[in-house]
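Hi everyone, thanks for coming. I'd like to walk you through one structure today, starting with the whole chain and then moving to one pair of helices.

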Amino acid sequence: MEWVYISDLHKYTGQKVEIRGWLYNIRSKGKIAFLQLRDGTGRVQGVAVKGECNDDAFLKIDGLKMEASISVTGDVRKDSRAPSGVELTINDITVIQNPEEDYPISKKEHGIDFLLEHRHLWLRSSRTEALLKIRNQAVISLRNFFHEKGFILIDTPILTGSIGESSSTLFSVKYFDMGNAYLAQTGQLYLEAACMAFGRVFNLGPTFRAEKSKTRRHLTEFWMLEAEVSFLENEGSMDLQEEMICSLVDSILSKNEAELKVLGRNTGPLKKITAGFPRIEYSEAVKMLDKLGKPVKWGNDLGGDEETILTEQFEKPIFVTNYPKHAKAFYMKENPENPETVLCADLLAPEGYGEIIGGSQREDRYDELISRIREEQLPESAYRWYLDLRKFGSVPHSGFGLGLERTITWITGNKHVREAIPFPRTISRLYP
RNA sequence: UCCCCUGUAGCUCAGCUGGUAGAGCGGGUGGCUGUUAACCACUAGGUCGGCAGUUCGAGUCUGUCCGGGGGAGCCA
């Protein structure tokens, strides 16, 4: 008997096969029982009819608990009543392990605390499966995008000295007899070093922020895709980001139709994500917000509410550029046309999802950079190597970081970033 | 750190101006040959987050502590 995956079942209609998987629901009508099976590749209904199915097997069905692991043999059959188009007429059932306890996750709704406490089991649900399969595709798509363009993957360290964006809080760990090391909150500075060696580089890895943020947009551990390109100015960086986002959305739309359907995502807005994202200067955005009845004092950063109002004016993601210098990180290059601002761009996703990318042209002049480091009272010695990059063949360069979970949350139309990562880490959760 | 919401059965929740607890799902038993979160009948299951207070009487009001959620700040 050939063991096949559920996703391949349609190739075996009219044949007898074996399926190995888990029982996620049973509906029994006495002399006929419907077994809902999943194996990670898909879901299918097995139909066991008394008399047609092996008698011993039919008797076993009654004792099966939710999420029992079983192997089932039967005939693959086309059936218009089945959501996937095929069903399995069951001949025999082998029980691999039948739970003694009731499965904690029921078919009805659960609260988020309960679900997160059972994340190790929640992974099995169809929603989580869809979300994480989209995440998988997103990572493949992003990596392909950069590889096809000739970017070099540079994995940046996770254990670092005290370096990064000073404003955020760092997680610290004891590092032998060298005092504290910190979990990276960005790989950017290392990518800047790498782009002076390789020209165009990127990374994709975990980053850590010990911010006490409790919102639908924050995790303490999240994955970020960062890219850094030498001889690229801010405008060119936005071109690159735009192309990347369009390619990403395209790939999800074409490869994950089934998953988007499971999630109930209206794909209409996603289909409008094509090149030509509006680029709005910060000062212009402040004027727009004034007209829209949400005045912001020039110089203040834009908050979540402001971002939402701005994005609602457009169907595509928008870049908000050239923020006031003091609202942004020390490494951003001063805008030669207005020294009060820096050459940067945040990409705000539509439909109220807000910031998914933060990017900028980097300060490439030694004197300017060191004075910014001193202004911010950063530990100068930790930045010695970073300053070296401005001493030995400094060139204009730009880069950006894309929040993977935020991007997936937007594309899937989900409400919270914590479902876009297999095991979310939040301010109040380290288990499972 | 601050603001708002919340904690009642295994789960999701209801419980009005205070009068000592209820539903659906899940569990158990029985029924059903096409179910799609199946359905029908019966059934078991609770120190109402902890502590203190007001009151004849507290799930309900007050204080406090603890847990959880959302948001601000900060950021992707």
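Here's something to think about as you look: what share of the contacts in chain A with a separation of 6 or more comes from residues 24 or more positions apart? In this predicted model, the share is 66%.

Now the overall picture. Chain A has 432 residues, and 50% of them are buried. The chain is built with 13 helices and 17 strands. If you lay the C-alpha trace along its principal axes, it spans about 85 × 55 × 40 Å. As for the outside, the accessible surface of chain A is about 21100 Å², and carbon and sulfur atoms contribute 50% of that surface.

Let's zoom in on our helix pair. Helix α4 covers residues 126-148, and helix α13 covers residues 404-412. Their axes lie 10 Å apart, and the two helices pack at an angle of about 120 degrees. Angles from 65 to 115 degrees would count as roughly perpendicular and those over 145 as roughly antiparallel, so α4 and α13 are oblique to each other. The crossing of these two helices is right-handed.

Who makes the contact? From α4, we have L131, I134, R135, A138, V139 and L142. On the α13 side, the residues are L404, E405, I408 and T412. Sorted by class, the contact between α4 and α13 has seven nonpolar residues, one polar residue and two charged residues.

That's my tour, so please find α4 and α13 on the screen and send me your questions!

Conventions:
Residues numbered from 1 in each chain as written. Chains lettered and ligands numbered in written order. Predicted model: local features only at pLDDT ≥ 70, side-chain atom pairs only at ≥ 80, totals over all residues. Heavy atoms only, no water. Axes fitted to C-alpha atoms, helices over the stretch in contact; angles between N-to-C directions. Helix = DSSP H or I, 4+ residues; strand = E, 2+ residues; numbered from the N terminus. Parallel < 35°, antiparallel > 145°, perpendicular 65-115°, else oblique. Left-handed = near helix turned anticlockwise from the far one by under 90°. Contact = heavy atoms within 4.5 Å. Nonpolar A, V, L, I, M, F, W, Y, C, P; charged D, E, K, R; others polar. Buried < 20%, exposed > 50% of the residue type's maximum accessible area, 1.4 Å probe, protein only. Areas by Shrake-Rupley, 256 points an atom, 1.4 Å probe, with all protein chains shown as cover.
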